[in-house]
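Me: I'm new to this one, so could you walk me through it in questions and answers?

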Amino acid sequence: MEALVGLLKDTFTSLPILQVFVGGVALIVIGYMVIRGHGDRQTAATPAPAAGTVADVPPIFAQGPREMLDIMRELRDLGRRNDEDLSDIREAVRGLLDLARRMVDLLDRIEREQSIANRARRIGRDGA
Amino acid sequence: MPNRKPLMPAHPAGPYSTYRLFEWCMAVMMLLIALTLALPGDTMERGALKPIAEIGFSEENMAFFFGCIGSVRALALYLNGHINNFRVGPKGAIIRACCSGLSCLILGQFVAALVYDACTVSHSASLMIPVFGTLAGFEALSVYVAMLDSANRSDRLARALIELKRADV
């Protein structure tokens, strides 16, 4: 033990050399770990996905024809509902357009009335 | 080598989740170390880490380094939790691997400085040598774990497509 401690004390006398040595060893170990992990991740079996998550269920197209048909029917229903909503929206927009047209008509009539009134007043004033 | 046994099996909780507890521990520890170093007072000048502080890793640099690494690791660990869709790539795990490697290097430098101090200056071994040494070793192992987690998980969709192609006739 004494001899070992003496050897250690004799060895580790220069800090830069020790730092370079330790850094080199660490880099070698890290590089080995990176290469090893990179290699193992190719060969290691993919673990089963976590239970109760989206990943636990196979993709839709791999669930079989019955499930596929169900989902397509559901999509069709969704599309129909969407179409109904869209026609409602179309009706509402048409109503809004009508309203706007009527407003514009009203404004036009008001303008005409005003111009007629102005002209009448001017004529009356000039004549008097 | 197809029949080589991995150093550790993949975690059953799913991809990106192999043995994360040690990495969480290290991330939190680095953040706390950054906090400690950022507090007023010379933490590194007082201890045996003075040679490290002398070669440029001053207190502020050290706090900055540890804070960056710790927060990046914590963020990477938080962001890829149990994601297993084919859209998410393995970037988070690669970031984890890089941060583990950097922390392994710096902890190794700590151990070197402490060993030098024990051998030449104080002539008594510090208790921090085994602590930092073990942490450095297991950080090297967590590089392996992170690289194992960094597999591209688009394999599932690819497998499903292969099965689909095999199924139709």
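**A glycine in the middle**

Reply: Let's start with B:G108, which is buried, since 27 other C-beta atoms lie within 10 Å (20 or more counts as buried, 12 or fewer as exposed, in between as partly exposed, with C-beta atoms placed from the backbone). Bear in mind that this is a predicted model, where local features need pLDDT of at least 70, side-chain atom pairs count only at pLDDT 80 or more, and totals for chains, interfaces and linings use all residues. Residues are numbered from 1 along each chain as its sequence is written, while chains are lettered from A and ligands numbered from 1 in the order in which they are written.

Me: Which helix holds B:G108?

Reply: Helices here are DSSP runs (H or I, at least four residues), numbered from the N terminus, and strands are E runs of at least two. By that count B:G108 sits in chain B's helix α5.

Me: Which residue of chain B does B:G108 touch, leaving out residues up to four places away in sequence?

Reply: Contact here takes C-beta atoms, placed from the backbone, within 7 Å. From chain A, B:G108 touches A:V22, A:G23 and A:A26. From chain B, the residue touched is B:A136.

Me: How do α5(B) and α6(B) run relative to each other, parallel or antiparallel?

Reply: The axes of α5 (residues 91-121) and α6 (residues 128-149) of chain B come within 8 Å and cross at roughly 160°. Axes are lines fitted to C-alpha atoms, for helices over the stretch in contact, with angles from 0 to 180 degrees between N-to-C directions. Angles under 35 degrees count as roughly parallel, over 145 as roughly antiparallel, 65 to 115 as roughly perpendicular and the rest as oblique. That makes α5(B) and α6(B) roughly antiparallel.

Me: What angle do α1(B) and α4(B) cross at?

Reply: Among the residues meeting there are B:W24 in α1(B) and B:F66 in α4(B). The axes of α1 (residues 21-38) and α4 (residues 59-79) of chain B come within 8 Å, crossing at roughly 150°.

Me: How many helices does chain B have?

Reply: Of its 169 residues, 37% count as buried. Chain B has zero strands, and its helices number seven.

Me: Where in chain A is confidence lowest?

Reply: pLDDT is the predictor's confidence in each residue, from 0 to 100. Chain A averages 84, and 86% of its residues score at least 70. Confidence is highest in helix α3 (residues 65-127) of chain A, at 91, and lowest, at a mean of 76, in chain A's helix α1 (residues 2-11).

Note on methods: Contact = placed C-beta atoms within 7 Å.
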